[in-house]
Amino acid sequence: MIAKSGEPSSAPVGAVLVLGGGVAGIQAALDLAEAGQKVYLLESRASIGGTMASLDKTFPTNDCAMCILSPKLVQAGRHLNIELITYADLEKVEGEAGRFRVRIKRKPRYVDPAKCTGCGDCATVDVPDPAELVEHRGELWIRRLDIDEVKCTQCGDCVRACRKENPEAPAMGSVHHRQSEEAQPGRRTAGADLRDLRNMDGAGRLAYWRRHMSRCIKCYGCRDVCPVFVESECRMEEWARPGRLPPDAPLYHLARAYYIAARCTHCGYCEDVCPGDLPLRTLVDLVRHADPGDLFEFVPGLPAAAGRRMRRAFPLPKKAEGTA
Amino acid sequence: MSPAFILTTCPFCGCGCGFYLVVVNGRAVSVAPCFSDRVSRGGLCIKGRRAHEFIHSKDRLRVPLIRRNGGFAEATWDEALDFVAGKLSAIRSVSPDAVGLLSSAKCTNEENYLMMKLARAVIGTNNVDHCARLCHASTVAGLAAAFGSGAMTNSIPEVAEADCILVTGSNTIEQHPLIGTRVLEAKERGATLIVVDPRETMLSDHADIFLRQRPGTDVAWLNAFMNVIIAEDLHDKTFIAERTEGFEEMAALAGRYPPGRAAEITGIPAGDLAAAARAYARAGSAMILYSMGITQHTSGTDNVKSVANLAMLTGNVGKACSGVNPLRGQNNVQGACDMGALPNVYSGYQRVADPAARAKFGRAWNAELPERPGLTLCEMMEAAAAGALRAMYIMGENPMVSDPDSNHVRRALGSLDLLVVQDIFMSETAALAHVVLPGVCYAEKDGTFTNTDRSVLPVRKALDAPGEARADWEIIRDLARRLGSGAFSYASPAAVMDEIAATTPSYGGISHARLEAGETPAWPCPDARSAGTQFLHKDRFARGRGLFHAVEYRPPAEETDAEYPLIMTTGRTMFHYHTGTMTRRIGLLNHEVPAGYVEIHPLDAGRLKIADGDTVDVASRRGEIAIAAQVTERVPEGTVFIPFHFAEAAANVLTNRALDPEAKIPGLKVCAVRVTGRNGR
Ligand code: SF4
Ligand code: SF4
Ligand code: SF4
Ligand code: SF4
């Protein structure tokens with residue numbers, strides 16, 4: 001559970017990484033911090049507290065669980081020697097005892113924790129079909145981090161609520177600015193597109209994507225501006241024949257969408273910068289929860305059949321007609 | 001080390017997209033979108049997205065070079081400028097007209113203005129021109145005759161709202177990507193899209209009506225359009241009566257071009273022609289977009305006049321979402337023309353031959369100005385080859401790759417006494433120079449560009465110049481001072497713009513302060529209170545009444561024969577810009593299109609036993625190049641297409657120098673060639 005880094009173990013002060021922010025991790029962190037160590041408390045979920053926070057009584061004394069836990073939560077949150085790293089996972093540990101180097105991957109969030117004042121207004125807005133409602137102060141709340149991205153229609157109401165409460169430094173800027181600013185009359189929201197797409201049959205979906213992808217001018221903007229894109233990893237240029245316009249659909253777009261789907265923060269930047277106005281976020285949303293077979297009648301592992309199907313769906317440029 | 005975001009304007013095409021250049025520690029590291037930009041709205045094409053990559057190329061020119069003993073030797077600025085000034089003043093004292101200057105559509109308005117001032121006020125010649133000669137000289141001549149002003153009549157955002165868009169001779173999505181996407185946006189909104197082009201393009205795949213004419217037969221189909229419109233009584237009689245003249249002659253001529261006859265000339269089926277003409281005429285607002293496919297012909301001016309006829313016939317001029325819209329290629333080709341880097345006009349198209357204009361500029365510059373219009377770019381090359389022109393000063397152009405008949409250009413430049421090239425890279429032209437002066441790119445200087453819809457856009461200095469390179473306006477200013485001029489005491493480009501505003505009525509209200517405040521006014525903008533002009537010719541044409549021209553079809557200068565049986569046309573691709581000096585230094589663009597190629601139809605390829613990817617020889621009456629073949633149905637049978645970006649397989653070795661009689665534009669789009677495979681032999 002405990003890893004040390006920095007000075008050799010004989011030195012009185014060092015840094016400790018505590019993995020897991022349940023009650024055991026919290027207690028360990030507090031003890032180490034009191035002993036003069038700098039503690040990084042890493043928690044995979046959005047907040048520390050773990051399972052104990054959802055228990056009523058503890059065994060065998062029947063004490064109130066929150067009565068034991070809450071002072072520790074506050075202590076851990078305020079302790080000058082403890083740095084909380086929540087909503088993040090440990091990826092790699094290198095080195096030896098006393099000199100560990102760790103690599104931590106933060107999961108994307110919608111809220112800038114440095115700016116968030118904790119007012120909670122974002123969570124009070126009416127979110128259609130929410131994943132889980134929590135009662136709080138007599139109202140039904142939705143935990144922003146638990147929103148099911150596919151169900152989220154990107155209405156932008158939570159962002160507007162945040163801006164209203166906190167106009168100088170809104171903590172949520174991440175929902176599609178076009179919708180949150182209502183700047184684009186006539187444009188459908190990604191949510192509406194997504195709902196319709198789910199109700200379409202295969203042919204309808206293909207027609208939808210073919211229509212939109214034929215407008216791509218291959219600027220690579222969707223990839224280049226994505227905040228989670230890591231250079232050298234997403235090689236969408238290798239999925240389309242060089243020099244061809246529009247790029248080979250849907251491979252070019254799917255390559256990016258599948259690469260990014262698991263980490264997409266839903267910022268909508270890709271769609272904002274797309275000069276061809278492709279519904280790119282809708283695509284990322286879709287691939288996140290559906291495999292290519294459902295989306296494009298594409299059968300992974302069956303190249304020949306897949307190839308035939310893809311060709312039917314996305315024929316090469318039509319034959320020249322009426323030539324001189 | 002926090003990044004700085006500098007809002008500037010794309011250095012590639014005439015759309016004029018704005019973006020932020022992101023600078024960290026004195027290096028441009030990326031391009032960030034600007035959502036409030038009027039043209040780009042945050043989107044950019046692949047070139048704009050990579051506009052930071054060539055800036056820090058290792059092979060940027062950093063020090064002045066002087067040719068000594070056959071090679072280049074590094075020199076100080078004083079040495080180089082003294083050398084140039086010495087030679088130029090010697091030649092000037094014999095004959096000022098033995099000097100020719102090429103200005104640049106890549107440089108700012110301020111620099112173009114200084115260049116033409118240098119030519120006229122200091123050297124005393126009107127021999128100043130730039131590459132607009134190769135693209136839209138026929139537009140300037142043709143539209144000036146028809147409307148009185150040779151620029152795009154309407155603005156870019158209007159494209160998305162038109163009811164019908166007729167695109168001809170423009171591969172809009174590849175050449176003007178952010179205008180192309182607006183055409184697609186209009187299509188999504190339900191507009192009718194008509195594309196007339198010999199070559200299949202991405203845009204033609206979206207067209208409702210796609211007509212493929214034989215290259216060089218545009219006047220014929222345009223006349224046939226008008227024939228159908230008049231015959232079916234779809235013309236706008238009120239507009240014609242109130243706003244135009246010359247209708248009767250034009251109508252009589254169009255009467256001789258029924259669709260059947262045009263079909264024979266152009267190869268477009270008569271029924272399709274008539275259907276397209278009806279769709280255009282019936283639309284509430286119909287816009288015409290055209291580009292090199294109309295202008296780069298020996299009949300270029302005629303083509304442009306015919307396009308203007310068509311728009312006036314249906315009343316589609318002087319209102320929103322309509323008009324005649326030549327898409328200007330270079331980022332600042334509109335500005336370079338506006339600034340008078342042309343042999344016959346001062347800034348704002350004030351004619352050199354007009355004594356009042358000459359007197360006005362003479363007073364402003366305190367100089368005696370030459371009255372005879374100067375030589376055009378192609379004429380300068382002829383004069384150089386013939387020995388009449390002794391010195392050339394070329395700023396930011398690469399005629400060795402961009403001009404027709406490269407072998408001839410090489411001979412012409414080789415016979416000069418003095419060739420000065422001011423550029424950012426050692427281009428094919430700079431390699432021939434006696435003196436090479438290192439200029440700077442868009443990111444290293446202040447100034448303005450004027451994009452294709454006449455908006456004046458800011459260019460801001462984000463970086464220091466590499467090595468000892470200097471901003472182009474400083475180089476011209478310092479050279480002018482050395483040549484003894486007292487009228488070049490500018491401290492900054494803003495001061496130059498103030499002079500431009502004072503001497504140029506259409507730029508009268510433009511100043512750097514306004515651009516700093518976030519405005520991008522489109523000319524005409526006569527004074528500081530004017531917000532600029534969204535579309536031209538609103539209640540009255542610039543020349544008073546719009547003039548119809550009766551234009552007969554003339555076959556292209558070069559016809560195919562048994563020896564040269566194929567028609568070659570040239571053009572660009574999405575992935576490179578012009579002669580490639582900048583874009584070929586950008587990794588992703590080279591990944592997309594690394595080398596030149598010739599597109600050839602499968603039937604032609606089959607006959608010549610050429611397979612996709614083979615190296616073939618393409619020969620015209622002027623030269624021969626080896627190039628890879630791309631077998632594709634995007635070109636019609638009998639026609640081949642070569643992009644002209646690539647110096648090692650330069651399309652312009654093959655092209656024809658024959659000129660349009662009025663505008664002196666060469667017929668780059670049509671020349672007869674022979675293609676030979678290497679397998680059959
Ligand atoms: S509305 Fe904004 S400031 Fe308030 S809790 Fe939500 S994110 Fe934080
Ligand atoms: S919405 Fe687009 S730009 Fe934003 S993280 Fe997801 S894929 Fe990247
Ligand atoms: S941003 Fe849009 S146009 Fe550019 S590559 Fe991506 S999908 Fe294509
Ligand atoms: S469309 Fe033209 S101006 Fe815009 S980014 Fe591309 S090259 Fe630059």
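**Close-up 1. I55(B) and its contacts in the predicted model.** Set aside the neighbours within four places in sequence, and I55(B) still touches L21(B), A28(B) and R60(B), along with C441(B), Y442(B), A443(B), E444(B) and L463(B). Two of these contacts, L21(B) and Y442(B), turn up again in the largest nonpolar core, where they join I55(B), F54(B) and I165(B) as the residues with the most contacts inside it. That core runs to 91 residues. Helix α8 of chain A, residues 251–261, gives it its largest share, seven residues. A separate core of 58 residues lies apart from it, with V122(B), M339(B), A471(B) and M497(B) among its members.

**Close-up 2. The hairpin of β4(B) and β5(B).** Here strand β4 (residues 65–68) of chain B pairs with strand β5 (residues 71–74) of chain B, antiparallel, over four bridges. To find your way around, start at I66(B): its bridge partner in β5(B) is A73(B). Two residues sit between the strands, and N69(B) takes a positive phi near 50°.

**Close-up 3. The hairpin of β17(B) and β18(B).** Strand β17 (residues 447–450) of chain B also pairs in the antiparallel sense, with β18(B), again over four bridges. T448(B) has P458(B) as its bridge partner in β18(B). Five residues separate the two strands of this hairpin, and R454(B) in the turn has a positive phi of about 75°. In a regular strand, side chains alternate between the two faces of the sheet. Strand β18 (residues 456–459) of chain B is covered on both faces: V456(B) and P458(B) are buried on one side, L457(B) and V459(B) on the other.

**Close-up 4. The shell around ligand 4.** Chain B lines this one, with cysteines C10(B), C13(B), C15(B), C17(B) and C45(B) among the residues around the ligand. Others include F12(B), G16(B), L44(B), K47(B), G48(B), P177(B) and L178(B). By type, the shell splits into nine nonpolar, two polar and one charged. Helices α1 (46–49) and α8 (177–188) of chain B each chip in at least two residues.

**Close-up 5. The shell around ligand 3.** Over in chain A, the residues around ligand 3 include C216(A), C219(A), C222(A) and C274(A), plus Y220(A), Y252(A) and H253(A). I217(A), K218(A), P275(A), L278(A) and L280(A) are there too. This shell divides into 10 nonpolar residues, one polar and one charged.

**Confidence in these views.** Chain B averages a pLDDT of 88, with 97% of its residues scoring at least 70. For the complex, the predictor gives an ipTM of 0.85 and a pTM of 0.77. Where pLDDT is low, don't read the predicted coordinates in detail.

Key: Residues are numbered from 1 along each chain as its sequence is written. Chains are lettered from A and ligands numbered from 1 in the order in which they are written. This is a predicted model: local features need pLDDT of at least 70, side-chain atom pairs count only at pLDDT 80 or more; totals for chains, interfaces and linings use all residues. Side-chain values use heavy atoms; hydrogens and water are left out. A residue is near a molecule or strand if one of its heavy atoms lies within 4 Å of it. Ala, Val, Leu, Ile, Met, Phe, Trp, Tyr, Cys and Pro count as nonpolar, Asp, Glu, Lys and Arg as charged, and the others, Gly among them, as polar. pLDDT is the predictor's confidence in each residue, from 0 to 100. A nonpolar core is a set of buried Ala, Val, Leu, Ile, Met, Phe, Trp, Tyr and Cys residues joined through side-chain atoms within 4.5 Å. Buried means under 20% relative accessible area, exposed over 50%, partly exposed in between (1.4 Å probe, protein chains only). Contact means heavy atoms within 4.5 Å. Two strands pair if DSSP finds at least two bridges between them.
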